[in-house]
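Student: Got a minute to walk through this one with me? I'd like to start with a sheet and go from there.

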Amino acid sequence: MIPCCSLEIDFRGGLLATSRVHVPTINSHRGGGHGGPPLQFRSMSIETSPIIQPISTAAQRVALRCSGLVKRFTDVTAVNGLDLEVFAGECFGLLGPNGAGKTTTVEILEGLTPADEGTVEVLGQHWSSAKDSTDGSHRRASDDRSLRERIGVQLQETQLAEKVTVVETLRLFRSFYKRGHAVDQVIQTVALEEKRNSRVGKLSGGQKQRLAVACALVSDPEILFLDEPTTGLDPQARLSLWDVVETFREGGGTVLLTTHYMEEAARLCDRVAIMDHGKIIALGTPLELIESLGADQIIEFRVTKELDEDALTSLPGVTNLHKRGEDYSLTVAEIGVALPALLAESKRQQSELVSLTTHQATLEDVFVSLTGRMLREG
Amino acid sequence: MEEAQSRTAQLNREPKRETLHPLLELTTMRVREFLREKEAVFWVFIFPVLMTFALGIAFRNTAPDKTFVAVEADANNPSVNEIANVLSHSPEISSSVLSQEEAAKALRSGKVSIVVKPHNDSYEYRFDPTRPESRTARLIVDDVLQRAKGRTDVASIAEQRITEPGARYVDFLVPGLIGMNLMGSGLWGLGFTIVIARSRKLLKRFAATPMRRSHYLLSFMLSRLAFLFLEVAAVVVFASLAFGFTVRGSWLTVSLITLLGGFTFSGIGLLVAARPQTIEGVSGLMNFIMLPMWLLSGTFFSSERFPQVFQPFIKALPLTALNTLLRAVMNEGAPLWSNWIQIAILLCWLLISFVVALKIFRWQ
């Protein structure tokens, strides 16, 4: 098996980039005779990335694979030709706004929703509901059950029964699996010891979400699916959920996570696929994606009088300009050069600054530069 | 596979199974949820008892009510008071002298069943012949007045009065209430719980586990089993204490019928809950199914009263069949198979609703 994947990414400009995306193998394959278009992402060595853990060669088995995935609902095409590979032992993030097709994709991978087109492979197996069975063999529901023994699922909207306690809920979920962890062990993992005998209805949002993840962990799964696990949680609750995910990762588990929080993707994920309108529009490590902007700083500002956009783009050190309403956003390579030039330019055009902030480029900026929209705008 | 095993270092594997069989865990969960839902306990156990009490009191069999008679006042006829007096002497009659308007009003409003207007040598009866109590009143009043004028019986009559338990309204009512309660708790118990679980995406979550789907649905039947007999016992025990209600048939037959009825309505509950996504949706559907049976299936009065053309339809309703079976065993002490048609009707409903529900059941 070739220990890396190649993915075609359709950028807004229609530019096709073939990217060697699995980080540890990038250097060895870079310039390895691809006749295709130039690499969109500057590959980077592992040393510069504190987030990416070295992954052993043995772990480069593919845990999840799908290709040509299409799912249409009556009024919308939720997933529109999606290819994806997730390696065993990595944390893979699907990042995108609401309605990008993240949840549908994950539910197809979980075998809850059959795809209209395309193939899905989970831990080397196919779901029986899949319309297109590649090996022609007819899988039955019992085969699905054996696959379900090996995955752990947290769904975005599940509300567990409120009148039963934490330990009762986990005991129920544990009883569905042939093998798994002791219930109290999992309670400890998600730090709910004090709430062990509390009813689910009495838990806080963060505690409920940790319980939902515990229900997914109780079977000792090989793959953990987390669909927006921290949406709506306060920062403290989010941190403690991240701890749970990282504990699972340390044990060698594979995670597929969807989120619309860029900082969550940057913190947890080895690789991130940015989704929009049912497609992957960018894929790579968080740092690769940020680097692809060709800049490391973003200047956002407002002015009293509209500025000439051409003049702004031609300022020294500026690589890109986005304007949404009254908000300007400049992508700059050298902040020390670009900032004084911007101040001078606004003065020259007789416009006064209302506000100005700068920050390190993030995955959010990647999304903005690819789609012209904010992640949370939907 | 090696690393799948090695990573259990993080969390130690339990030495032995600490949970029950999934079917039992699911059933236990059902029972817990039910017992912790105070409203559900009220509707299933307390409400039917209150209903039995209220209806039993309202329709209790006391000594037959007196027949109320008005004698129309007439200034020109001095015999009016005398006639009223004659009537009042009968133990079955309570009479009063009213003016013409008052008498007409009392008759209209049902306060009196008949108005007697004396003429010189004859009587005029005013009553509504479509009202049974008015027809009875006419016979009683006529008998008393004729006897007062000297009529005698030509044949001698011997009377034997029978008012024993089993023939009273409350005896008719209790099996009907039990049937209605089995229908309600089966439909609400399954229908609501399942649709709530679906709308909260809990069904979908279960579908993502290796849980056998039949276990989930069976757990509802088993948890119903836990409460079925308590539910029936609550009403029977109360009715026997408060009204001297007795079950004439064998307890085994009663139990089997309870089981069959309970499962049939659980199956129908499952069918009702198979598709709806919202509580509003399933509530409408359940009312649509239950309302006709409340009215038609002979819970409060005999379904024989409906016109003949509707009878085949009414008899095919599951609640009619269940009520018939319960009355046969409780009131008449009939053996189980004497009403095999009703048993067949219930079995049909049970099988069809179950099979169809499993086929069309929506997990998300």
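Tutor: Sure, and keep in mind that this is a predicted model. In chain A, three strands make an open sheet, ordered β4-β3-β6, with antiparallel pairing.

Student: Which strands stand at the edges there?

Tutor: β4 (77-87) and β6 (117-122) of chain A do. Each has a single partner strand, so one side of each has no neighbour in the sheet.

Student: And how much does the twist average from one strand to the next?

Tutor: It averages 15 degrees.

Student: How many bridges join β3(A) to β4(A)?

Tutor: Eight, with β3 (residues 62-72) of chain A running antiparallel to β4(A). If you want a register to check, Cys66(A) has Leu84(A) in β4(A) as its bridge partner.

Student: What helix packs on that sheet?

Tutor: Helix α2 (residues 102-109) of chain A, which touches β3, β4 and β6 of chain A. Its direction makes about 120 degrees with that of β3(A).

Student: OK, hairpins. What do β10(A) and β11(A) look like as a pair?

Tutor: Strand β10 (residues 271-276) and strand β11 (residues 279-284) of chain A pair in the antiparallel sense, over five bridges. Ile274(A) is bridged to Ala282(A) in β11(A). Two residues lie between the strands of this hairpin, and His277(A) takes a positive phi near 50 degrees.

Student: Where else is there a positive phi, say after α12(A)?

Tutor: At Gly372(A), which follows α12(A) and has a phi near 75 degrees.

Student: Is α12(A) itself mostly covered or uncovered?

Tutor: Mostly covered: seven of the nine residues in helix α12 (residues 363-371) of chain A are buried. Among them are Glu364(A) and Asp365(A), along with Val366(A) and Phe367(A).

Student: Switching to chain B. How do α9(B) and α10(B) pack?

Tutor: Helix α9 (residues 213-243) and helix α10 (residues 251-272) of chain B pack at an angle of about 135 degrees, their axes 10 Å apart. That angle makes α9(B) oblique to α10(B). The crossing of α9(B) and α10(B) is right-handed.

Student: Which residues meet in that contact?

Tutor: From α9(B) they include Leu217(B), Phe220(B) and Arg224(B), and from α10(B) they include Leu259(B), Gly262(B) and Phe263(B). By class, the contact of α9(B) with α10(B) has nine nonpolar, four polar and one charged residues.

Student: Last one: how many residues of chain A are in contact with chain B?

Tutor: 36, against 32 residues of chain B. α4(A) gives the most to chain A's side, with six residues. That side of chain A divides into 14 nonpolar, ten polar and twelve charged residues.

Conventions:
Residues are numbered from 1 along each chain as its sequence is written. Chains are lettered from A and ligands numbered from 1 in the order in which they are written. This is a predicted model: local features need pLDDT of at least 70, side-chain atom pairs count only at pLDDT 80 or more; totals for chains, interfaces and linings use all residues. Two strands pair if DSSP finds at least two bridges between them. Helices (H or I, at least four residues) and strands (E, at least two) are DSSP runs, numbered from the N terminus. Two residues are in contact if their C-beta atoms, placed from the backbone, lie within 7 Å. Ala, Val, Leu, Ile, Met, Phe, Trp, Tyr, Cys and Pro count as nonpolar, Asp, Glu, Lys and Arg as charged, and the others, Gly among them, as polar. Axes are lines fitted to C-alpha atoms, for helices over the stretch in contact, and angles run from 0 to 180 degrees between N-to-C directions. Angles under 35 degrees count as roughly parallel, over 145 as roughly antiparallel, 65 to 115 as roughly perpendicular and the rest as oblique. A crossing is left-handed if the near helix is turned anticlockwise from the far one by less than a right angle, and right-handed if clockwise. A residue is buried if 20 or more other C-beta atoms lie within 10 Å of its own, exposed if 12 or fewer, and partly exposed in between; C-beta atoms are placed from the backbone.
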